[in-house]
Amino acid sequence: MSARTVEEAAKRLAGVVTRTPLEPNERLSARVDARVWLKREDLQTVRSYKIRGAYNFIVQLDAEHRERGVVCASAGNHAQGVAYACRRLGANGRVYVPGTTPRQKRERIATLGGSHIEVIVVGETYEDAFTAAKRDAESTGATLVPAFDAPETVAGQGTVAMEVVAQLGFVPDVMVVPVGGGGLLAGIAAWAAERAPEMRIVGVEPAGATCMAAALAAGGPVRLESVDTFVDGAAVALAGSVTYPLIRDGGVELTDVAEGAICTEMLAMYQSDGVIAEPAGALATAALGTTVKIDPGQIVVCVVSGGNNDVSRYGEVLERSLIHEGLKHYFLVGFPQEPGALRRFLDEVLGPDDDITRFEYVKRNSRETGPALIGVELARPGDLEGLLHRLEVSPLQVERVEPGSPLFHFLV
């Protein structure tokens, strides 16, 4: 993989993909005392950068292979790129997506591909979908279009860096890039190694899916035992065999950020910047100033990789954000089955600024107490200490639902 490979991909993509805006961001600039720009790939033709790699791959297929059709596995964004490319190039394809792919993405895939695309839901993870797509390709002769692990895909994704430098007119000090299987990071690293070696490149993984960090630690791709699928666009259990060496040898840094922090950043992007980012799209900016340290005055570009977010998920986004910020807590409380028990809890235990956001009570006539699940939202993280003290000295039987416990995962 060379810079020239990426530049040739850019020629194929001319007139097909959108030259997405590069916008200064005051909120993030103030956060790190630097000049921060957002590369708005959420405004791309299919609302993510994935069209770059998918189109660059499919357009290079000869007539015979296009006639046989293509298949792919995707959490949603790559599939949209494949669907768009198939419709534009007159090829037919089948798209395999896991059950965790939001409905919004599935419907968008069907709309973009029209009669050229069939959407098939299988399993719960990207790996489940990839196994099904690979089996399809082997049995039908269709061409498998990898979401990240192919030189053609990587070269297409790398054109993001070319655009950034052309739009700025110079090389930024730092580029922060979201990482799933590593296609975008590998493409940017390959191009920058020759054309912008002075640029610091940082890849950001979700804390619940750090497959590239695992690969670097092990000396090669290794499968994660479990993956948090919330950041569906980057929830990959196994790093690519093509992307791994490019990232290993590309002189890039790698870090991760908690899913709750990503949710907090998604809300800030929406409320302050007017940017509707999906979880993977907020990865780079969520890490800025926390796990990614920036020197004052530096010029920083963060890639907003996608904006295909299902509005129905915002309840979960808000919940995860509040928990991450230390504002939302759950308790199992044993109430005595007598009149006024709840009133005493409200008067004596709950603080003046605390709010009950969930209350589920199970009354059992044969028991002296009845269990209740209570969710409490605080005005300030520091209010937790007082709440815990009042619970401790109260006559109530109280058990805190600890983050990470099976019950907690059931609730959130």
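Buried residues make up 54% of the 412 residues in this protein chain, and please keep in mind that what we have on screen is a predicted model.

Let's stay with the whole chain for a moment. What is it built from? Counting along the chain, there are 17 helices and 14 strands. The chain is as compact as a globular protein of its length, because its radius of gyration is 24 Å, close to the 22 Å that the globule rule gives for 412 residues. If you turn the model along its principal axes, the C-alpha trace spans about 80 × 55 × 40 Å.

How do the pieces come together? Take the contacts with a separation of 6 or more: 75% of them are accounted for by residues 24 or more positions apart.

Now the outside. The accessible surface comes to about 17,400 Å², and carbon and sulfur atoms hold 49% of that. As for charges, the chain has 40 positive and 53 negative ones, and their mean positions lie 5 Å apart.

Let me zoom in on one residue, E41. You'll find E41 in the loop between β2, residues 35–40, and α3, residues 50–58. Is E41 buried or exposed? Its relative accessible area is 0%, and buried means under 20%, so E41 is buried.

And what does E41 meet in there? Its side chain makes a polar contact with the side chain of T20, at 2.4 Å. Leaving out residues up to four places away in sequence, E41 also touches others, among them R47, S48, Y49 and R52, and, from much higher numbers, V160, V303, V304 and S305.

That's my tour; do click on E41 yourselves!

Notes: Residues numbered from 1 in each chain as written. Predicted model: local features only at pLDDT ≥ 70, side-chain atom pairs only at ≥ 80, totals over all residues. Heavy atoms only, no water. Helix = DSSP H or I, 4+ residues; strand = E, 2+ residues; numbered from the N terminus. Buried < 20%, exposed > 50% of the residue type's maximum accessible area, 1.4 Å probe, protein only. Polar contact = N/O pair within 3.5 Å; in protein donor to acceptor, adjacent residues only side chain to side chain. Contact = heavy atoms within 4.5 Å. Rg over C-alpha atoms; globule rule 2.2 N^0.38 Å. Areas by Shrake-Rupley, 256 points an atom, 1.4 Å probe, with all protein chains shown as cover. Lys, Arg positive; Asp, Glu negative; His and termini not counted. Charge placed at Lys NZ, Arg CZ, Asp CG, Glu CD.
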